[in-house]
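The following exercises are to be worked with the sequence and the model at hand. Each task is followed by a solution in steps.

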Amino acid sequence: MDSETHFTDTNPDACTPRTIAAVQRTLGLIQSDDLYSKVEAAKEIRWLTKTSQRCRRQFSAAVAPLVDMLSSGSAEANEAALLALLNLAVKDESNKVCIVNAGALVPIISFLRSESSNLQEHATASLLTLSASSVNKPIIGASGAIPLLFEILRYGSSEAKADAVLALYNLSTHTDNLSFILEAEPIPPLVDLLKTCKKSSKTAVKCAALVESLVGFEKGRTALTSEAGGVLAVVEILESGSLQSREHAVGTLLTMCQSDRCKYREPILKEGVIPGLLELTVQGTPKSQSKAQTLLRLLRDSPYPRSELQADTLENIVCNLISQIEGEDQSAKAKQMLAEMVQVSMEQSLRHLQQRALVCTPSDLPIASCASEVSSK
């Protein structure tokens with residue numbers, strides 16, 4: 001069968017006689033004993049399922065033989081089968097569950113250790129897609145995949161890293177998986193990714209969301225403050241990330257400060273967080289506005305009587321701003337005071353900001369963003 005000869009229809013989901021014949025012939029080949037025929041059939045399945053939801057369902061019978069191919073020992077067969085399974089799983093909950101139940105996780109996880117970057121990337125993308133299923137989340141979490149996904153996060157290609165962090169985010173939404181994630185010492189690679197990825201990317205959003213989940217645990221909070229540039233990386237997302245990622249960043253800092261204000265107030269303040277928080281109180285989402293206001297209160301409170309503070313201190317400016325924001329007329333005064341606040345803060349923090357610029361990791365090395373479930377390959 002010539003894998004370059006494909007069947008086309010104006011409507012890819014239409015059950016035309018030609019498409020039905022192609023599906024039946026391909027199903028026959030994928031279940032044959034000839035490896036070459038199986039590889040060609042896998043390539044055809046990959047192509048036919050690239051855009052057609054109907055074809056994904058019609059090829060559900062191909063899942064078991066495709067999973068068997070993953071253990072064939074042939075690199076070509078492994079890649080062809082993996083890509084076909086990936087396309088079968090996209091936006092098809094039934095196929096996702098069927099693929100895991102057929103035993104695909106063991107070979108897919110083994111491919112994460114492959115010396116082939118292509119195979120690593122395909123395996124990571126497959127886990128991203130499979131982890132979108134709520135049924136699969138606990139199974140994948142208990143399979144031993146999580147530590148290997150963090151290895152991909154440390155040493156993989158840019159594409160593999162982007163898919164790995166999204167897969168880890170998917171897995172983190174199942175509460176029982178958080179313990180597996182914490183055991184993998186996740187903070188260092190997540191901080192590295194926050195430093196290097198494009199701040200407005202999907203990667204940054206999911207990475208920031210993961211960090212927010214992890215600081216709900218003392219182990220996560222301690223790791224973030226112990227990691228060089230850890231809190232700073234979160235502050236930079238708060239300052240220049242997308243609305244979603246900024247919401248996760250302020251949530252991270254608020255969780256830390258609420259858990260132990262005395263311990264975390266100073267590490268947060270010293271990274272120059274105030275201007276970004278003030279901007280969020282005016283321009284953030286409703287949730288991030290509320291969190292920013294709460295965090296500002298925690299950061300401004302002093303163990304000393306208010307009378308001991310000079311009238312022009314940064315804390316009093318923050319205090320006055322918040323009192324205005326809490327009033328009915330928020331917009332004009334808050335924006336005017338925000339501009340004044342940023343100017344004063346920058347002047348008072350100039351020395352710190354200059355020192356920070358000397359040691360800050362460049363943030364202009366983008367990592368490709370990706371949807372929470374990969375598209376067809």
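**Exercise 1. The enclosed space**

Task: Determine how many cavities of 30 Å³ or more this predicted model holds, and establish which residues line the largest cavity.

Solution.
- Step 1. The count comes to one cavity of 30 Å³ or more.
- Step 2. The largest cavity holds about 40 Å³ of space.
- Step 3. Its lining consists of Leu82, Leu85, Leu86, Ala89, Ile99, Ile108, Ser126, Thr129 and Leu130.
- Step 4. Two elements, helix H5 (75-89) and helix H8 (117-130), each give two or more residues to this lining.
- Step 5. H5 provides the largest share, with four residues.

**Exercise 2. Helix H14 and the residue before it**

Task: Compare the span of helix H14 with the expected value, decide why H14 is described as largely enclosed, and identify the polar contacts of the Ser201 side chain.

Solution.
- Step 1. H14 covers residues 202-214, which is 13 residues. From its first C-alpha to its last it reaches 19 Å, close to the 18 Å expected at 1.5 Å a residue.
- Step 2. Buried denotes a relative accessible area under 20%. Eleven of the 13 residues of H14 are buried, so the helix is largely enclosed by the rest of the structure. Among them are Lys206 and Glu212, together with Val205, Leu210 and Val211.
- Step 3. Ser201 belongs to the loop between helix H13 (187-196) and H14. Its relative accessible area is 5%, so Ser201 is buried as well.
- Step 4. A polar atom of the Ser201 side chain lies 2.7 Å from the backbone oxygen of Lys198. On the helix side, the backbone nitrogen of Ala204 lies 3.1 Å from a polar atom of the Ser201 side chain.

**Exercise 3. The position of Leu299**

Task: Is Leu299 buried or exposed, and what distance separates its C-alpha atom from that of Val273?

Solution.
- Step 1. Leu299 is part of helix H20 (residues 286-300).
- Step 2. Its relative accessibility is 2%, so Leu299 counts as buried.
- Step 3. Leu299 and Val273 are 26 residues apart along the chain, and their C-alpha atoms are separated by 9.8 Å.

**Exercise 4. Confidence**

Task: State the average pLDDT of the protein chain, and give the pLDDT over residues 303-314 and over residues 359-371.

Solution.
- Step 1. The chain averages a pLDDT of 83, and 76% of the residues score at least 70.
- Step 2. Over residues 303-314 the pLDDT stays under 50, and the model has twelve contacts beyond four places in sequence for this stretch.
- Step 3. Residues 359-371 also have a pLDDT below 50, with 34 contacts beyond near neighbours in sequence.
- Step 4. Where pLDDT is low, the predicted coordinates should not be read in detail.

Methods: Residues numbered from 1 in each chain as written. Predicted model: local features only at pLDDT ≥ 70, side-chain atom pairs only at ≥ 80, totals over all residues. Heavy atoms only, no water. Expected span 1.5 Å × (residues − 1). Buried < 20%, exposed > 50% of the residue type's maximum accessible area, 1.4 Å probe, protein only. pLDDT = per-residue confidence, 0-100. Contact = heavy atoms within 4.5 Å. Polar contact = N/O pair within 3.5 Å; in protein donor to acceptor, adjacent residues only side chain to side chain. 1 Å grid on protein atoms, 1.4 Å probe; cavity = no way out; pocket = protein on both sides within 12 Å on 5 of 7 lines; lining within 4 Å. Points joined across faces, edges and corners; volume = space filled by probe spheres on them.
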